[in-house]
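This report looks at a few local features of one model, beginning with a single loop residue and going on to a helix and a sheet.

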Amino acid sequence: MKPTVLVVDDKANMLTLLSKVLGKGARVLTARGVRTALQVLETEPVTTVLCDLRMNDGDGLDVLRAVRARWPGVPFILMTAYASVPTAVQAMREGAYDYVMKPFDPDELRALVERATAQAAVLKGEPHAPEAQGFAGMTGRSPAMRALYMIIERVAPTDATVLILGETGTGKELVARAIHEHSSRASLRPIAVNCAAIPRSLIESELFGHARGSFTGAVADRAGLFEEAHGSTLFLDEIGELRPTVQAKLTRVLEERAVRRIGESRERKVDVRLISATHRDLRSMVKAGAFREDLWFRLNVCVIELPPLRERAEDIPLLAQRFLAERAPQSRSTVTGFSAAALSALQAYRWPGNVRELKSAIERALVVETAGEVRLESLPPEVQGASPLRLTSSSDIDLAQLSYREAVDASREEMNRRYLEAVMRRFRGDVLKAAAHAGVERESFYRLLRRCGLSADDFREERRGADGAKS
């Protein structure tokens, strides 16, 4: 079931444009103005609101305040012109999820709406958020993942050789399994092997088989994995680790569609679809002479490159909730969701180990947390440190690695945190006084604190420590 996005603007052409931009991944409702928007909200179950700031019959902030008061679980995104950025910041203080400046990039806007929708679902503890299950055991509805699903659906029914490229932990074996399960060979069990996990002296025998007596220890004839996979699919993970002699024999197998066991002269025909994967740069290895060019040409029929997790941050809440639902019962934990600060950190962290590292981080959190929700403090230290990004004068190199949007978001989060820390210190942990000074409602101020991973108790401890020192 698709999420429902309410788009509010007083210009018909803008409503038409936004309906096209968001229509593929969501059911889009439109409202021309504040009054119509409030009527739609009363009658329709809306998942996310995308609203213009200035309209003929009112202000987008009026819609925001109504949403926060009546439907607090519905994320609100404000559309604004550059000159109105101060008002957009005010909207953030009043509980808006984010804002987007016109003119906007359609892909970035779509990703922002998907991210807001996914995070809202996770915060409500919905293990099956809209379209959260993705495709064939893979989780994610980001543009990158939707493109991946489309490629799999097109390639799977063919017998084309497939090469999957991607960083460690991106899910290459999941993609291989999905291709097999959507192929005409799905009724037979696929064969999978990690080439890096088999001793170099044994890999040739494992793949192609051997005859009795062909080498020390060969006490009987043995079929290799190509023969075992006859009629099915053979998945060779980390194919870049094969030594040159094995690469040469594999090239011949792909050319002749036949294997010759070690110690035999006759060839045996095999009907095998080959899917291979590696985290290494095979193109560079070919240029360096470390990988055979003729094998590269044989493998390079259909290449699928998997996106790293840092390039699809909008999928992180869905993945995190999935891993939580899978691991919590095994950990005897009743944790059902994540705090806003924890989710913010999960999405801000760069995840060098990709999905595998995220899964480990959730498992670690469940060791710490036994009930309630996963808090920022339960995550690994390196993940905690990513929320918000620390933008100091010595971080120019790290900053340059971000997109413009990421850098703007990071600087805003950092300023929010610094401001909140300063105000809380000034009023020594008194939230009522701090919220009144900031001009923000108390509940909204508490949400801001949680979003930045701050607690009023921290500042009360500072006050007690200072009072003790004076005495």
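In this predicted model, threonine 161 lies in the loop that runs between helix H6 (143-155) and strand S8 (162-165). Because buried means under 20% relative accessible area, threonine 161, at 7% relative accessibility, counts as buried. Apart from its neighbours within four places in sequence, threonine 161 is in contact with Arg257, Leu274, Arg298, Leu299, Val301 and Cys302.

Helix H15 (residues 354-368) has 15 residues, which at 1.5 Å a residue should span 21 Å, and its end C-alpha atoms are 22 Å apart, in agreement with that expectation. Among the buried residues of H15 are Val355, Leu358, Ile362 and Leu366. The cover over the buried residues of H15 includes the elements in the table.

| Element covering H15 | Residues |
|---|---|
| Helix H13 | residues 316-327 |
| Strand S17 | residues 337-338 |
| Helix H14 | residues 340-348 |
| Strand S18 | residues 373-374 |
| Helix H16 | residues 381-384 |

An open sheet of five strands, paired in parallel, follows the order S2-S1-S3-S6-S7. Strand S2 (27-31) and strand S7 (98-101) stand at its edges, and each has a single partner strand, so one side of each is left without a neighbour in the sheet. On average, and with direction ignored, neighbouring strands of this sheet are turned by 20° against each other. Strand S1 (residues 4-8) pairs with S2 in the parallel sense over five bridges, and arginine 27 in S2 is the bridge partner of threonine 4. Helix H2 (residues 34-43) packs on the sheet, where it touches S1, S2 and strand S3 (48-52), and the direction of H2 makes about 165° with that of S1.

Methods
Residues are numbered from 1 along each chain as its sequence is written. This is a predicted model: local features need pLDDT of at least 70, side-chain atom pairs count only at pLDDT 80 or more; totals for chains, interfaces and linings use all residues. Side-chain values use heavy atoms; hydrogens and water are left out. Two strands pair if DSSP finds at least two bridges between them. Helices (H or I, at least four residues) and strands (E, at least two) are DSSP runs, numbered from the N terminus. Axes are lines fitted to C-alpha atoms, for helices over the stretch in contact, and angles run from 0 to 180 degrees between N-to-C directions. Contact means heavy atoms within 4.5 Å. The expected span of a helix is 1.5 Å times one less than its number of residues. Buried means under 20% relative accessible area, exposed over 50%, partly exposed in between (1.4 Å probe, protein chains only).
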